[in-house]
Amino acid sequence: MTQAEQRNILIIGGGIIGCTTAYYLSRYPLYDPETTKITVLEASENGIAQGASGKAGGLIARWAYPAELVDISFPEHVRLAKEHNGADRWGFRFVNCGTWEGTGEDLESEPGSGERKGDRRKSLEKLGLESSTQSGQINSKHPKNLNWVKQELTTSYAPMDPASGFEGTAQVHPYLFTTSMMALAAEKGAELQKGSAISIEKESGRVTGVRYRDPTDNNQDHFISATHVILAAGAWSRSILPSLPVTATRAHSITIRPEPDINMAPYVLFTEIRLPRNHLASPEIYARPDNEVYACGPGDDSRLPKNVDEVEVDQAACESIWKHVMSISPELRKGRVDKRQACFLPVVTYGGAGGPIIGEAKIVASGLYIATGHTCWGICNAPGTAKAMAELVMSGKESSGKIKGFFL
């Protein structure tokens, strides 16, 4: 290979898209560490996966969107888990997933706070939710093996994708998946560099590198030369390339540790909970294989900070999620909250398509590639995105032909 064919590939962003792209580049048939250098530039002083890639639910679904990208990503998730022991390494497993509707218990009216046990039963009877335990009957609308939601509170349950069955939905632990992808890429020669990207430099219509601030050097400005730059900074991509039609939505979540003797059935629930005083809540709840439960609430339009390390957590929003989850699950009510956290999801605002944006941004500079705007499906669609980016950078074209509509 001639000097002109030397590749210096710089990936901006150490989230799931950036780290998984580094992995696929390092496994590409044409990859040779002697002629191709792969560097991941991460702004957080705390390391990779500090944003949504470490704080998301980790849902992987055949019924996700966009379908063209899911068709590549889902089987890749399955393959990666088999090849690298993903079950143990990043918590990969198939799960039940459905929409659950029911009534939450009024925790402020527990015995000793005003409402008697008999009054509680009368309240349930009025709603047609008389306790199946007390009546000796099984609630047929409640999934048989869903052991961490009180069945008499269930009014309906429907699987998200009945046609695909149990193996149509899976999950990973996002932080463990992201860090594993970076570790596997590093085994093949990829490097991680801490630094906050300032600008993408170009000359004669082609990228030449990236200027960044180095936190390990008193935030001094530095320059990394590159023949190819992949912008995968999630919600922060627009701060580096202002022309990108990407905004950010903040989402809060908590993680809960149930008591150790509870074997939590593998379910992901999209809930609609009717609470006292005509209040509705819709937390998503994910049971994970390591005796951890993840729950998240609705997003808000909080202003995006300059850096992922500056994301603020609204404690009241986390407390609200906790109360809503406790209202339908005595098992989780007895657990403890481990983490209260927030992250920003990148949302594409152009054309109403919802994203993501994937491809070479030749209108800006040759050699500049974009991979962002995955909204809530970044974990699910990381392998498909990364596979396409690796093919584009290494060979100039994406092999499947399925996601060409997402290219710039």
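This report walks through the strands, a buried helix, some loop residues, the cysteines and a cavity of one predicted model.

**Strand 12 and its neighbours**

Let's start with strand 12, which covers residues 228–231. Both of its faces are covered: His228 and Ile230 are buried on one side, and Val229 and Leu231 are buried on the other. That layout fits a simple rule of thumb: in a regular strand the side chains alternate between the two faces of the sheet.

Strand 12 has parallel partners. Strand 1 (residues 7–12) is joined to strand 12 by four bridges, and the two run parallel. Within that pairing, Ile11 has Ile230 as its bridge partner. Strand 20 also pairs with strand 12 in the parallel sense, this time over three bridges. Here Leu231 is matched with Ile370 of strand 20.

**Strand 16 and its hairpin**

Next comes strand 16, a run of five residues (284–288). Four of the five are buried, so the strand is largely enclosed by the rest of the structure. Strand 14 (residues 267–275) runs antiparallel to strand 16, with three bridges between them; in this pair Phe270 stands opposite Glu284. Strand 17 (residues 292–300) is antiparallel to strand 16 too, joined by five bridges, and Ala287 finds its bridge partner in Val293.

Strands 16 and 17 make a hairpin, with three residues between them. Look at Asn291 in that turn: its phi is positive, at about 60°.

**Two open sheets**

As background, strands of a sheet pair through backbone hydrogen bonds, either parallel or antiparallel. One open sheet has three strands in the order 9-10-11, paired antiparallel. Its edge strands are strand 9 (196–203) and strand 11 (220–225), each pairing on one side only. On average, neighbouring strands in this sheet are turned by 25° against each other, direction ignored. Strand 9 pairs with strand 10 (residues 206–214) over seven bridges in the antiparallel sense, and Ser199 sits opposite Arg211 of strand 10.

Another open sheet of three strands has the order 3-7-4, again with antiparallel pairing. Strand 3 (59–61) and strand 4 (93–94) are at the edges with a single partner strand each, so one side of each is left without a neighbour in the sheet. Strand 3 and strand 7 (residues 169–171) are antiparallel and share three bridges; Leu59 has Gln171 in strand 7 as its bridge partner.

Here are some of the pairings side by side:

| Strand pair | Sense | Bridges |
|---|---|---|
| Strand 9 and strand 10 | antiparallel | seven |
| Strand 16 and strand 17 | antiparallel | five |
| Strand 1 and strand 12 | parallel | four |
| Strand 12 and strand 20 | parallel | three |
| Strand 3 and strand 7 | antiparallel | three |

**A covered helix**

Helix 1 takes in residues 16–26, and eleven of its eleven residues are buried. Among them are Cys19, Thr20, Thr21, Tyr23, Tyr24 and Ser26, along with Ile16, Ile17 and Leu25.

**Two loop residues**

Gly373 is in the loop between strand 20 (368–372) and helix 11 (378–395). With a relative accessible area of just 1%, Gly373 is buried. The C-alpha of Gly373 is 9.0 Å from that of Thr349, although the two are 24 residues apart along the chain.

Ser366 sits in the loop between strand 19 (357–360) and strand 20. At 26% relative accessibility, Ser366 counts as partly exposed. Ser366 and Val229 are 137 residues apart along the chain, while their C-alpha atoms are separated by 9.5 Å.

**Cysteines**

A disulfide is a covalent bond between the sulfur atoms of two cysteines. In this model the disulfide count is zero. Take Cys376: the closest cysteine sulfur is in Cys296, 9.1 Å away, which is too far for a bond. Cys318, for its part, counts as buried because its relative accessibility is 1%.

**The cavity**

Rolling a probe the size of a water molecule over the atoms shows where empty space is left. In this structure there is one cavity of 30 Å³ or more, and the largest cavity has a volume of about 30 Å³. Ten residues line the largest cavity, and the closest to its centre are Tyr65, Pro66, Pro356, His374 and Thr375. Which kinds of residue make up the lining of the largest cavity? Four are nonpolar, six are polar and none is charged.

Key
Residues are numbered from 1 along each chain as its sequence is written. This is a predicted model: local features need pLDDT of at least 70, side-chain atom pairs count only at pLDDT 80 or more; totals for chains, interfaces and linings use all residues. Side-chain values use heavy atoms; hydrogens and water are left out. Two strands pair if DSSP finds at least two bridges between them. Axes are lines fitted to C-alpha atoms, for helices over the stretch in contact, and angles run from 0 to 180 degrees between N-to-C directions. Buried means under 20% relative accessible area, exposed over 50%, partly exposed in between (1.4 Å probe, protein chains only). A disulfide is a pair of cysteine sulfur atoms within 2.5 Å. On a 1 Å grid over the protein atoms alone, a cavity is a set of points where a 1.4 Å probe fits but cannot get out, and a pocket is an open set with protein on both sides within 12 Å along at least five of seven lines; lining residues have an atom within 4 Å of a point. Grid points are joined across faces, edges and corners, and a volume is the space filled by probe spheres set on the points. Ala, Val, Leu, Ile, Met, Phe, Trp, Tyr, Cys and Pro count as nonpolar, Asp, Glu, Lys and Arg as charged, and the others, Gly among them, as polar.
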